[in-house]
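Reader: I would like a close look at one part of this model, the open sheet, and then a word on what else there is to see. Please keep it plain.

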Amino acid sequence: MIRVFAASLETEGYRVFNADTGQRALEEVRTRNPDLILLDLGLPDMDGLAVVPQIRANTTAPIIVVSAREQESDKVKALDAGANDYLTKPFSVPELLARIRVGLRSRAQVGDTAETVVTFGDFRLDLEGRRLTRGDRQVRLSPTELKLLATLARHADEVVTTNTLLKEAWGSAYRTRNGYVRVYMHALRRKIENDPTRPEYLINESGLGYRLRTSKD
Amino acid sequence: MNVASSIEKDRPVGTEGGPADMIIKTAKEPWTSRLSAPIAALLGVVMAVTVTVPAVVMLGREDVANVAILYLFTIAVVSIRLGYRPSILAAVTSAICFDYFFLVPYHSLVINHVRQLVTFGGMLGTAIFISTLNEKLRKQARAARHSERRIEHQYTLVKALSDAQSIEALCTSAARQLELASGARADILLRGDGDKFDHAFRAGGTSALAVEDLAAAEWASTRLEVAGLGTRNFPGAAATYLPLGAARGCVGVVALRPRAGTSTRPSSLTVSMARQIAMAIERTLLSDETRTAQLDAETERIRSAVLSSVSHDLRAPLAVIASASSTLVEHGDRLPGSGRDEMARIIHDEARRLNELLKSLLDVTRLQSGSLHVNRDWESLEEVIGSVLGRIENRAGRHLLTSVPSDLPLLRIDAILIEQVLLNLVDNAIKHSASDYPIEIEIAARGVESVVVSVIDHGAGIHPTEMTRIFDKFYRGGPPTGGGLGLGLTIARGIVSAHGGRIWASSTAGGGLTIQFTLPLDVAAPGPVVGTEPIEGLAS
């Protein structure tokens with residue numbers, strides 16, 4: 001797989017290092033301090049899931065997990081354990097590049113230079129002032145709706161698991177009550193989207209969570 | 001003469017002994033036939049003597065002719081009632097009495113005249129003739145009764161054999177018939193899978209086989225000879241073993257445990273019944289074998305047809321990928337940029353198609369083996385539709401009309417699986433309708449129990465007789481457009497069933513196909529949020 005993509009990535013100006021095993025991957029992360037990590041969940045020696053928290057302990061670089069389609073629960077666990085986003089095999093080069101771009105952008109967000117305003121379409125979310133405006137009109141949101149939207153905005157264009165959303169909006173005690181999130185996302189869609197059945201911004205990732213799409217990537 | 005026509009029970013056949021052994025249940029049972037031989041003989045004599053008295057008193061010594069008739073009558077009665085020997089004795093006694101009391105000189109046994117000899121001889125001769133005739137008739141009646149009984153047993157057996165639906169039923173009723181016919185306890189033993197005699201069918205009760213019995217059974221079966229109790233081979237066994245020999249060999253053995261005091265030799269009736277049972281068993285086994293063989297052949301045929309069709313469908317995209325990539329390898333540098341792009345695009349598309357096909361196969365395999373894991377959670381159908389729309393409208397460039405009520409409650413479903421169902425249904429609709437007709441997805445609540453999702457196309461539709469067949473595995477209606485193994489609807493049905501719903505097809509009004517499925521609603525669904533709470537710290 002790497003062979004196929006290395007060429008494209010290098011064309012885009014990235015430098016690519018690869019490791020065949022989880023153990024080697026950890027070493028590479030420690031020594032090279034990469035800007036972004038692509039992790040295949042089907043590693044030969046270690047359970048891919050186990051590697052995620054270990055990498056996360058060593059770096060704040062974004063981790064994008066790659067897995068086959070039928071490993072939905074693995075993806076959720078990986079995301080909850082610290083991964084930022086995912087790709088499903090087989091994926092295309094544009095998909096890969098888009099994810100990488102998003103990941104690198106979000107990396108730039110971490111720290112003091114975090115963005116306080118996120119825009120999508122003609123919406124503008126002021127994270128500090130806690131307001132959502134469309135054009136010049138304000139869109140009224142309940143506190144919970146706002147918390148959810150803010151969480152998604154802080155990870156703009158990255159997938160946020162339902163568990164994370166629950167934790168942010170209600171606290172850890174409400175883990176696994178996915179129904180709540182859905183109800184509120186339903187309401188948010190009604191307020192933000194032109195066609196709730198064809199969302200442009202509040203994208204639902206089946207079995208995983210949601211993603212706020214700010215760019216047309 | 002009494003010719004019995006009722007079936008006799010408790011009758012030990014195989015003992016062609018004297019009257020004492022035969023308990024003949026007839027309509028009128030003569031008590032006289034149960035008498036022992038000496039008593040009967042004595043009675044015969046007594047009767048002959050007794051009748052002399054009224055003869056003398058009523059008829060007088062001169063009425064010789066009538067006296068003779070009286071004696072003959074008595075002899076006839078004795079021969080019918082008491083049997084052959086008593087009647088012969090009675091005849092002799094009567095002749096003596098006749099001579100003594102009615103022939104001159106009286107009170108002496110002397111015969112003076114030839115005429116007297118004629119009378120005497122005639123009476124004796126007639127008496128003996130009557131007795132003999134009666135005896136013959138009695139023997140014939142007995143034989144006829146015996147025959148009739150045999151035929152009854154055979155008939156009942158044949159009926160029982162033909163009524164039986166399975167080997168087990170067949171053997172059990174056959175054993176019962178054998179018991180009724182022979183009076184002995186009968187069991188039928190068949191060989192089990194281990195080639196041992198472990199399948200026993202008894203008319204009642206069970207018991208394990210002792211070593212001696214097993215040996216006897218084996219002997220009977222392999223040598224086609226009677227073995228066990230009462231024979232030269234393994235006489236220590238608890239039962240007599242008759243082989244059940246049919247055309248192809250021995251199918252089993254009959255174990256007979258005769259009642260105490262009765263003969264251990266199986267009667268000819270038992271032997272002939274055993275033969276019939278053997279044939280019936282063989283027939284049933286053969287028909288079972290034929291049926292299994294037919295089924296196996298059919299399964300094999302379907303399997304190889306499916307295998308060849310599936311491998312063809314999977315090979316097709318691979319072939320395209322192989323040739324496109326080989327073109328790139330061989331002529332890549334000589335192709336214009338657009339040509340290279342074309343090859344690459346082809347490879348990409350075919351790889352995607354292959355991936356879809358393999359996924360369908362995997363899904364259907366998982367469905368079949370029951371290992372499909374349904375991960376239920378509170379999900380919004382609106383979101384599921386959203387995902388489906390995203391995928392379809394990107395890929396196929398077809399527009400879909402949707403009608404989703406805004407107050408639809410959440411459902412406990414596996415979102416990914418239901419998404420698959422909708423994708424399969426919409427894919428199906430796309431394949432079978434032209435692009436100028438829209439495809440519609442409608443969701444409606446059906447009372448408080450379930451939700452109905454409908455995927456409606458306005459294509460050519462299908463014949464009413466195919467409405468249920470389209471859900472069959474590998475069913476492809478008409479020319480296979482756009483590839484696909486014909487598994488989409490099968491998988492959809494499997495997933496819907498796993499959720500406790502129903503799926504069915506119907507014709508769209510105005511032409512086309514509509515496929516609908518239900519999903520159960522749960523009363524405890526978290527409800528939709530109504531209204532909004534004011535935002536804290538609101539400035540404007």
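**The open sheet and other parts**

Author: In this predicted model, chain A has an open sheet of four strands, in the order β4-β5-β6-β7, with antiparallel pairing. Strands β4 (117–120) and β7 (137–139) of chain A are at the edges; each has a single partner strand, so one side of each is left without a neighbour in the sheet. From one strand to the next, the twist averages 30°.

Inside this sheet, β5 (residues 123–126) and β6 (residues 131–134) of chain A run antiparallel and are joined by four bridges. A:Asp126, for instance, has A:Arg131 in β6(A) as its bridge partner.

Next comes a helix of the same chain. In α3 (residues 48–58) of chain A, the residues A:Gly48, A:Leu49, A:Val51, A:Val52 and A:Ile55 are buried. Their arc around the axis is only 150°, which puts them on the same side of α3(A). A:Ala50 and A:Ala57 lie on the other side of α3(A) and are exposed. As for what the buried residues of α3(A) pack against, the elements are α2 (22–32), β1 (37–40), β2 (63–68) and α4 (72–80) of chain A.

Last, the other chain. Chain B has 29 residues in contact with 26 residues of chain A. On the side of chain B that touches chain A, two or more residues come from each of α8 (337–368), β6 (377–379), α9 (381–395) and α10 (415–431) of chain B. The most come from α9(B), which gives six residues. Sorted by class, that side of chain B has 12 nonpolar, nine polar and eight charged residues.

Key: Residues are numbered from 1 along each chain as its sequence is written. Chains are lettered from A and ligands numbered from 1 in the order in which they are written. This is a predicted model: local features need pLDDT of at least 70, side-chain atom pairs count only at pLDDT 80 or more; totals for chains, interfaces and linings use all residues. Two strands pair if DSSP finds at least two bridges between them. Axes are lines fitted to C-alpha atoms, for helices over the stretch in contact, and angles run from 0 to 180 degrees between N-to-C directions. Two residues are in contact if their C-beta atoms, placed from the backbone, lie within 7 Å. Ala, Val, Leu, Ile, Met, Phe, Trp, Tyr, Cys and Pro count as nonpolar, Asp, Glu, Lys and Arg as charged, and the others, Gly among them, as polar. A residue is buried if 20 or more other C-beta atoms lie within 10 Å of its own, exposed if 12 or fewer, and partly exposed in between; C-beta atoms are placed from the backbone. The arc is that of the directions from the helix axis to the C-beta atoms.
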